[in-house]
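Open the model in your viewer and keep the selection box ready. The tour moves from stop to stop, each with something to select.

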Amino acid sequence: MSAAIFSRKSFNRRSLFASTLLASVGSIGLNAPTLAQQSASPNLLPPIQIAPPPARNADVPQPARRTTSHSRRTVRAAPQQLPAGDAAAPGATVPVVVSPTGIVTPAGQLASSLTIVTEQDIQTQQYRTVPDILNTVPGLNVIQAGGPGAQTSVFMRGTNANHTKVLLDGIDIGDVGNANGAFDYAHLLAADIQQMEILRGPQSGLYGSDAIGGVVSIITRKGEGPPRATASIEAGSFNTFNQTLGLSGSEQNFNYAVNVAHLHAGDIPVTPPELLPPGRKAIGNNYDNKTYSTKLGVDLNENLTVNSVVRYIDTTLLFTGDSGFPSFPNAAQSTHAVQQLFNREEAVWSLFDGRLKNYFGVNYTNSRAYDISAGDPVAATTTGERLKFDWHAVAEIARDNNLIVGAEQQTDRIETTDLTAQNGNKAGFIELQSAFAKRFFLVANVREDSNDRFGEHMTYRVAPAVILPVTETKLKASYGTGFKAPSLSQLYQDYPAFGFFANPNLKPEESTGYDAGFEQPLFNDRVRFGSTYFHNDLTNLIDYNDTFTSLVNVNRATTEGTETFVSAQITGRFGIRADYTFTRAVDAATGLQLLRRPKDKWSVTATWLPLDQLTLSATVLRVSNWIDVTRDGSASGIVAPGYTLVNLRGDYAVNDQVKLFARVDNLFDRRYQNPTGFLAPGLGVFGGIRVASYGVR
């Protein structure tokens, strides 16, 4: 099977070479020669509601909300999205997004397959990390090798784990230092997230490399209104002890948001007992994450704004590695420590009464990984750096018609004990976003990348949508191309002791993909359902040569399936949503199912407000079986059993400043491995308190 499609990166650094050979099943890292065309601080209007909802009569019908194809807003945050062109009802809000076009746009006007997760969703569902958020998103399969802090990979629409671009406030936060260019989601905390946008389908026409499967865009909280201080504390199973502290607000021409988050889990069972030598007890993982973030903006005058985003993450994971062949878990733990810095400085220059806006950005990321195995006195240290300069302009060429042009230059650099290498990329792009008669919408873009190593590469995307009169049925489709540049490790990192050498002549992995679907509102949008078919053809995939001495572009794969949803606002206090994803992902040469792509996944989430102060929520998640490899990678093609999880959530607003909350994960203590060889956490019970100077969320 294709190692470019199915492999995993072992945390055990006893053999760096062996780790690289397995890197692409659960790969972690990124060498992407491009960045999102997004502002560091988009205005997601209207602002998120922060006050408890007013008293209302449950027997009186309330305005129903309208969601996008895969929006997951909760009942309390249930703004109504009306059909395009209709006047908004008093108090109603329309969800807006940035990632599909780079412009703040009402979600109902887009053909993109998109999931929106709001700050209110995050608080109601009590998500603590980005993997928690992504678990129930349709079209995605999340693999986390042992609870919080463990290596986490995401397979979007059946594509590889390294085929999704991840953005934080417009910053490409992939780790240049990782082996095959996949991203590890494990260390992203959710404490300061205002909105997440999960955009599915090829997006390289705007975002360049890595956006074959889609884009995960994270937008953090922007300060607004009077100064607001927040804090929370939580404790529970697995020696969990989490805290957050924040201060945000705005004053005349200045806005600010400063946040500190600490997540700690001290005893997470990970190693299956059957893998341990007789008489040896398993040691639970110990994970500690400290995240510090700031987001600042200053309007220097009516035409010039400067924004700054800085995020620093410091994590340590103590875990059980393996040794021997066939391997077995070690008696002592290994250490995996990561320090990450993400920074964007941006100037926004507006001309002609705002009809032309120029965005100038400088981005810098630095990720340092420190790994030391049990009994090994020498640590393996890898540092990845990215420096990027970008400019793009948004011009309103006519009413409801915008033209976006941009250019960028990026340099990636990797440094290990025995390697220092870098690669550069220049790119230019153009995009047209149009709306006609408030019923027909079109987004089209094209991009040219010029890479120092593999030369020119052009990608594009076209996405039309139409809302039919009378029935308000939304028909949508998209067609696009994507590519994934080889990582610096694949291009330059040799392992002569093992007779393995990099290939500096590797070409990008490529794809073409399309989707088509519909959404149908009923009963004044109290009920909405829809379905989307998707198809991707991937070529030039990177795999090992016949002698396993280097890498070559040889493999092909096909992924296709459907994403179907139905949501219903039964009453003003009770709402329910169900999602189902069918995925067929196969090696195009053999017809065999790709590793770690379950065919079926469904979830149901219900939210109920029995009292104005009390919110209750329940989620059921079902994932079918999948093809996997053993923990040490020595055997492949095994069938991993599926699993069903039930999670419960509840919070009670004591007043406008204090909220109590509790959650139960894996209610029925379902014991399962995901991936094979790594136990997922069992029953977990947690509780805590959130406080705010006003408007507790």
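## Stop 1: a salt bridge between strands

Select Arg-413: this residue is partly exposed because its relative accessible area is 28%, where buried means under 20%, exposed over 50% and partly exposed in between (1.4 Å probe, protein chains only). Add Glu-385, which counts as partly exposed at 23% relative accessibility. Their side chains meet in a salt bridge, 3.8 Å from N to O. The term requires a side-chain nitrogen of Lys or Arg within 4 Å of a carboxyl oxygen of Asp or Glu. This pair links distant parts of the chain: Arg-413 sits in strand E20 (residues 401-415), Glu-385 in strand E19 (residues 380-398), and 28 residues separate them. Strand and helix labels are DSSP runs numbered from the N terminus: helices are H or I with at least four residues, strands are E with at least two.

Before moving on, note the ground rules. This is a predicted model, so local features need pLDDT of at least 70 and side-chain atom pairs count only at pLDDT 80 or more, while totals for chains, interfaces and linings use all residues. Residues are numbered from 1 along each chain as its sequence is written, and side-chain values use heavy atoms, with hydrogens and water left out.

## Stop 2: the whole protein

Zoom out. The protein has five helices and 35 strands. Of its 697 residues, 60% count as buried. About 24800 Å² is exposed, and carbon and sulfur atoms supply 61% of that area. Areas come from the Shrake-Rupley method with a 1.4 Å probe; for residues, only the protein chains shown count as cover. Now consider contacts, meaning heavy atoms within 4.5 Å. Among contacts with a separation of 6 or more, 64% are between residues 24 or more positions apart.

## Stop 3: more salt bridges

How many salt bridges does a search of the whole structure find? The search gives 36. Select Lys-165 and Asp-172: their side chains form one, at 3.0 Å from N to O. Both residues are buried.

Next, pick Asp-669 and Arg-671. The closest N and O atoms of this salt bridge are 3.1 Å apart. Asp-669 is partly exposed, at 30% relative accessible area. Arg-671 counts as exposed, at 56%.

Then select a network. Salt bridges link Arg-344, Glu-346, Lys-388, Asp-390, Glu-408, Arg-447 and Asp-449.

## Stop 4: a nonpolar patch

Show the surface. Select Ile-430, Val-446, Met-458, Tyr-460, Val-462, Tyr-479, Tyr-514 and Tyr-533. Together they form a nonpolar patch with about 660 Å² of accessible area. Patches take residues with over 30% relative accessible area and no salt bridge; like charges are joined within 9 Å, nonpolar side chains (Val, Leu, Ile, Met, Phe, Trp, Tyr) within 5 Å. Which strand supplies the largest share of the patch? Strand E23 (residues 455-467) does, with three residues.

## Stop 5: rings

Stay on the aromatics. Rings of Phe, Tyr and Trp (its six-membered ring) pair if their centres lie within 6.5 Å; planes under 30 degrees apart count as stacked, over 60 as edge-to-face and the rest as tilted. The count comes to twelve aromatic pairs. Tyr-514 and Tyr-533 form a tilted one, 6.3 Å centre to centre with 50° between the planes. Tyr-514 is in strand E25 and Tyr-533 in strand E26 (residues 527-544), 19 residues apart. Tyr-514 is partly exposed at 36% relative accessible area, and Tyr-533 is partly exposed at 32%.

Select Tyr-495, Phe-500, Tyr-544 and Phe-548 for a cluster linked by ring pairs.

Now look for charges over rings: NZ of Lys or CZ of Arg within 6 Å of the ring centre and within 35 degrees of the ring normal. Arg-631 lies over the face of Phe-678, 4.5 Å from the ring centre. Arg-663 lies over the face of Phe-686, at 4.0 Å.

## Stop 6: two buried residues

Select Thr-481, in strand E24 (residues 474-484). Thr-481 is buried, with 10% relative accessible area. Thr-481 and Ser-511 are 30 residues apart in sequence and 5.6 Å apart in space, C-alpha to C-alpha. Beyond four places in sequence, Thr-481 touches residues including Pro-202, Met-458 and Tyr-460.

Finish at Lys-601, in strand E29 (residues 600-611). Lys-601 counts as buried, at 7% relative accessibility. Leaving aside neighbours within four places, its contacts include Leu-134, Asp-579 and Arg-622.
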